[in-house]
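Here's a quick look at how one strand sits among its neighbours, which rings pack together, and what one acidic side chain is up to. Have the model open while you read.

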Amino acid sequence: MGIQQSPEATNPTIASGGPSPAEMEAAPLNREVGTRLLFENTTVRVWEVRLEPGDRAPLHCHALDYFWTCTEPGTALQWQLKASTWEQHGRSYAVGDTQYFTRGNDAPVIHDLHNNGDTTLRFVTVELLGRTERHTSSSTTPGATP
């Protein structure tokens, strides 16, 4: 999933638990991919994701091409649906870490995000509305050569 980035997710833990059944059922319809909508027009939707230590963004669905950039560093745990199994990953994020994803309704991603660190974790996420061009997913670390 990328060129270079901060320490990547740990090996996934295949979860026997995971999010509640009610939250899992509602997740495909939850398109609020941030904690606050900053801007929207016919081309883009810009979200802030801001999680204080211990905060958790609920399960949500990425059904559009999008990218995110980390603006305040930290660590997080994430439950993600892979086929019919919930997996949990942990990751550290550095300022400037950026990832681009090609999604679309044929391959939506459902996940949550839990700040398990001791600092505020913040991202800007930009959804690309009405895109017809397709590119591959990628990521980068600031100052790294692609």
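E5 and E10 run antiparallel to each other and share seven bridges (strands are DSSP runs of at least two residues, numbered from the N terminus, and two of them pair if DSSP finds at least two bridges between them). This is a predicted model, where local features need pLDDT of at least 70 and side-chain atom pairs count only at pLDDT 80 or more, while totals for chains, interfaces and linings use all residues. Residues are numbered from 1 along each chain as its sequence is written, and side-chain values use heavy atoms, with hydrogens and water left out.

E10 also pairs with strand E3 (residues 44-51), again in the antiparallel sense, over eight bridges. Val126 is a handy place to look: Val46 has Val126 as its bridge partner in E10, and Phe67 stands opposite Val126 too. Six of the eight residues of E10 are buried, so the strand is largely enclosed by the rest of the structure (buried means under 20% relative accessible area, exposed over 50%, partly exposed in between, with a 1.4 Å probe and protein chains only).

Now for the rings. The structure holds four aromatic pairs (rings of Phe, Tyr and Trp, the last by its six-membered ring, with centres within 6.5 Å; planes under 30 degrees apart are stacked, over 60 edge-to-face, the rest tilted). Two of them are set out here:

| Pair | Centre to centre | Plane angle | Geometry |
|---|---|---|---|
| Tyr66 and Phe101 | 4.8 Å | 20° | stacked |
| Trp68 and Phe123 | 5.2 Å | 80° | edge-to-face |

Trp68 sits in strand E5 and Phe123 in strand E10 (residues 121-128), so this pair links parts of the chain 55 residues apart. Both Trp68 and Phe123 are buried, and together with Tyr93 they form one aromatic cluster.

As for the stacked pair, Tyr66 is in strand E5 (residues 65-72) and Phe101 in strand E8 (residues 98-101), so it ties together parts 35 residues apart in sequence. Tyr66 and Phe101 are both buried.

What about Glu87 in strand E7 (residues 85-93)? Glu87 is buried yet has no salt bridge, and the nearest side chain of opposite charge, Lys82, is 4.8 Å away. For reference, a salt bridge needs a side-chain nitrogen of Lys or Arg within 4 Å of a carboxyl oxygen of Asp or Glu, and His and the chain ends are not counted as charged. Glu87 does have a polar contact of 3.4 Å with the side chain of His89 (N or O atoms within 3.5 Å, one able to donate a hydrogen and the other to accept it; residues adjacent in sequence count only if both atoms are side-chain atoms).

Technical notes
Helix = DSSP H or I, 4+ residues; strand = E, 2+ residues; numbered from the N terminus.
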